[in-house]
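Colleague: Could you take one part of this model and walk me through it closely? I'd like a view of the aromatic and nonpolar side chains there.

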Amino acid sequence: RTVLVSGEFEGPDVILRSRALNGNPGCNVLTKLVRPDGRAVIVNRGWLPLQACEAPGDADIEAPTTELTLTGRVRQSRQRGRFGAIDPAEGVLTIMARVDLDRLQQQIEQPLLAVYVEQVSPVTEGLPVRLPAPETDGGPHLGYAVQWFSFAVVSIVGYPIVLRQQARESQKA
């Protein structure tokens with residue numbers, strides 16, 4: 001879903017590590033946007049190349065300091081599954097493995113919304129680079145379905161043929 005969100009960015013930024021864009025390694029930059037009602041929403045402002053992730057202070061990635069309205073895609077918070085990187089349970093995080101809003105709430109004084117926003121516009125020059133829209137096509141799934149359907153047909157038709165052939169050979173013997 002696409003939403004409009006108004007407010008002012010407040011730092012510090014949090015780096016979302018291990019993200020790729022067009023096959024290039026990097027990270028995403030998360031910033032808190034405080035809304036006029038006093039609640040805050042985390043905004044994924046976009047992708048940074050690996051060099052900027054390692055030294056974010058050297059890159060010019062400062063969020064605008066004036067009130068703005070931005071357009072973004074709504075995203076759900078992520079929780080760690082059985083496997084994956086573990087973020088520290090306490091302290092102030094400056095780097096995270098996933099957008100865990102419950103964990104971020106521990107270090108943010110304003111109440112956070114239950115979702116975060118992936119910024120689409122306004123588009124700015126330079127860094128961070130806006131993330132492309134997710135692909136909505138079927139991907140390779142149709143091809144896989146046809147492939148497995150073909151395997152099923154071959155086994156349903158082929159198995160009786162093999163059994164019949166073995167029965168003929170045993171009668172000859």
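**A look along helix 3**

Modeller: Happy to! Let's start with Phe-149, which counts as exposed because its relative accessibility is 59% (exposed is over 50%, buried under 20%, and partly exposed in between, with a 1.4 Å probe and protein chains only). Please bear in mind that this is a predicted model, where local features need pLDDT of at least 70, side-chain atom pairs count only at pLDDT 80 or more, and totals for chains, interfaces and linings use all residues. Residues are numbered from 1 along each chain as its sequence is written, and side-chain values use heavy atoms, without hydrogens or water.

Phe-149 sits in helix 3, residues 141–172 (a DSSP run of H or I, at least four residues, numbered from the N terminus). Together with Val-153, Ile-156, Val-157 and Ile-161, Phe-149 forms a nonpolar surface patch; such residues have over 30% relative accessible area and no salt bridge, and their side chains are joined within 5 Å. The accessible area of these residues adds up to about 510 Å² (Shrake-Rupley method, 1.4 Å probe).

Helix 3 also holds Trp-148 and Phe-151, three residues apart, or about one turn of the helix. The whole structure has one aromatic pair, and these two residues make it: their ring centres are 5.0 Å apart and their planes meet at 85°, so the pair is edge-to-face (centres within 6.5 Å, planes over 60 degrees apart). Trp-148 is exposed, at 57% relative accessible area, while Phe-151, at 42%, is partly exposed.

How values were computed: Patches are made of residues with over 30% relative accessible area and no salt bridge: like charges are joined within 9 Å, nonpolar side chains (Val, Leu, Ile, Met, Phe, Trp, Tyr) within 5 Å. A salt bridge is a side-chain nitrogen of Lys or Arg within 4 Å of a carboxyl oxygen of Asp or Glu. Helices (H or I, at least four residues) and strands (E, at least two) are DSSP runs, numbered from the N terminus. Rings of Phe, Tyr and Trp (its six-membered ring) pair if their centres lie within 6.5 Å; planes under 30 degrees apart count as stacked, over 60 as edge-to-face and the rest as tilted.
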